[in-house]
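Work through the exercises below with the sequence and the 3D view side by side, and try each task before reading its solution.

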Amino acid sequence: MFDPNGKKYLDLISGIGVSNVGHRHPKVANAIKEQVDKYLHLMVYGEVIQTPQVKLAQKLTTVLPAPLGVTYFVNSGSEAIEGAMKLAKRYTGKTEIISFYNAYHGSSQGALSINGSEEFKQAYRPLLPDIRQLNFNNTSELSLISERTAAVIIEPIQGEGGVRIPDSSYMQALRKRCTETGALLVCDEIQTGFGRTGKFWGGENFDIIPDIIVCAKGMGGGMPIGAFISSPSIMSVLSHDPVLGHITTFGGHPVSCAASLACLEVILENKLVEQVAEKEKLFLSLLNHPKIKSIRSKGLLMSVELESFEVVQKVIQNCLDAGLLTDWFLHCNNSLRIAPPLIITEEQIKEACSIIRKSLDF
Ligand SMILES: Cc1ncc(COP(=O)(O)O)c(C=O)c1O
């Protein structure tokens, strides 16, 4: 990235989890140009079938676990969460939605209602009724999921909570409890999807298959797009009583779909997901400094715990001065965010870690 004076920055946060294939990847840029020369918006999503949407939905089936294979395209992560919440309520006929403390699912009113921090919600109440929040990774609270529950919405690894990684046994118990009670398990893969954690989907780290996957961010290769994805039997309820269960004018925009297909091909053809664990290891071996209290990481989703918010802000500024872009977390302000494009090279990792170490010397 370059500022208006031409100063160069190494991007260690990917526009918050977006630029998994880097900025302006040539294959993504070409796909955009080619689509622009064919057509832009034609019709409200779903009214006519458009080739870029079909091609992308088809390619997505190659990375989706059965029986998930039906994709509804939207414009953003928040809209995808809204769609998933509506789908779960409509399919189950129930109303309670369960989410977790320290969760982040977006900023629209429904997504905000399941945010895991009262600080972000209090100014906008009343929000959605019938929301219950549980402590993340706390098995004893799973009994609170009941026959009243339409959906449990969870980030397989909490992003804005500061990279919180649950136990596999917890995620599997959660899956089991949802199946027992008939609640739909919704994995918010908006930050963890598209290879970020070293698996294509974050949920794969725990061997669970949700009922609905929600994705956005890294999906578009830098273009705005999101999706909620489910099985044919669940998704089919959106087509009747009422018809058009979710309506979106620009959802599945042909240029965004073309970019997203190219992005997916880049990830798969270059085996980017397979390289994530090695890159994580290199980061971990080079991020050593007395001021670092701990590092939580899964693949290239990393959180470096420091003394305080003030120390984090000072390091962010020092890094910026030295040409390195890092960030903090919404629900964890004593930690430094590291989530670079998956295409980051060994040399760039070494350079970035050297800048971070120097930025900690004050
Ligand atoms: C886990 C998660 N869910 C949902 C969202 C909301 O996505 P968007 O900003 O595209 O609405 C975000 C954005 O940061 C996110 O990290």
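**Exercise 1.** Which residues surround the ligand?

*Solution.* The model is predicted, so local features need pLDDT of at least 70 and side-chain atom pairs count only at pLDDT 80 or more, while totals for chains, interfaces and linings use all residues. Residues are numbered from 1 along each chain as its sequence is written, and side-chain values use heavy atoms, with hydrogens and water left out.

Take as near any residue with a heavy atom within 4 Å of the molecule. The ligand is then surrounded by Ser76, Gly77, Ser78, Tyr104, His105, Gly106, Glu155, Asp188, Ile190, Gln191 and Lys217.

**Exercise 2.** Find polar side-chain atoms that approach the ligand, using pairs of N or O atoms within 3.5 Å.

*Solution.* Begin with Ser78, where a polar side-chain atom lies 2.6 Å from a ligand oxygen. Continue to Gln191, which places a polar side-chain atom 2.6 Å from an oxygen of the ligand, and then to Asp188, whose polar side-chain atom is 2.7 Å from a ligand nitrogen.

**Exercise 3.** Describe the backbone and the exposure of Lys217, one of the residues around the ligand.

*Solution.* First locate Lys217 in the loop between β7 (212-215) and β8 (226-230), where strands are DSSP runs (E, at least two residues) numbered from the N terminus. Next read its phi, which is near 40°, a positive value in a residue other than glycine. Finally, Lys217 has a relative accessible area of 24% and is therefore partly exposed, a class between buried (under 20%) and exposed (over 50%), with a 1.4 Å probe and protein chains only.

Conventions
Polar contact = N/O pair within 3.5 Å; in protein donor to acceptor, adjacent residues only side chain to side chain.
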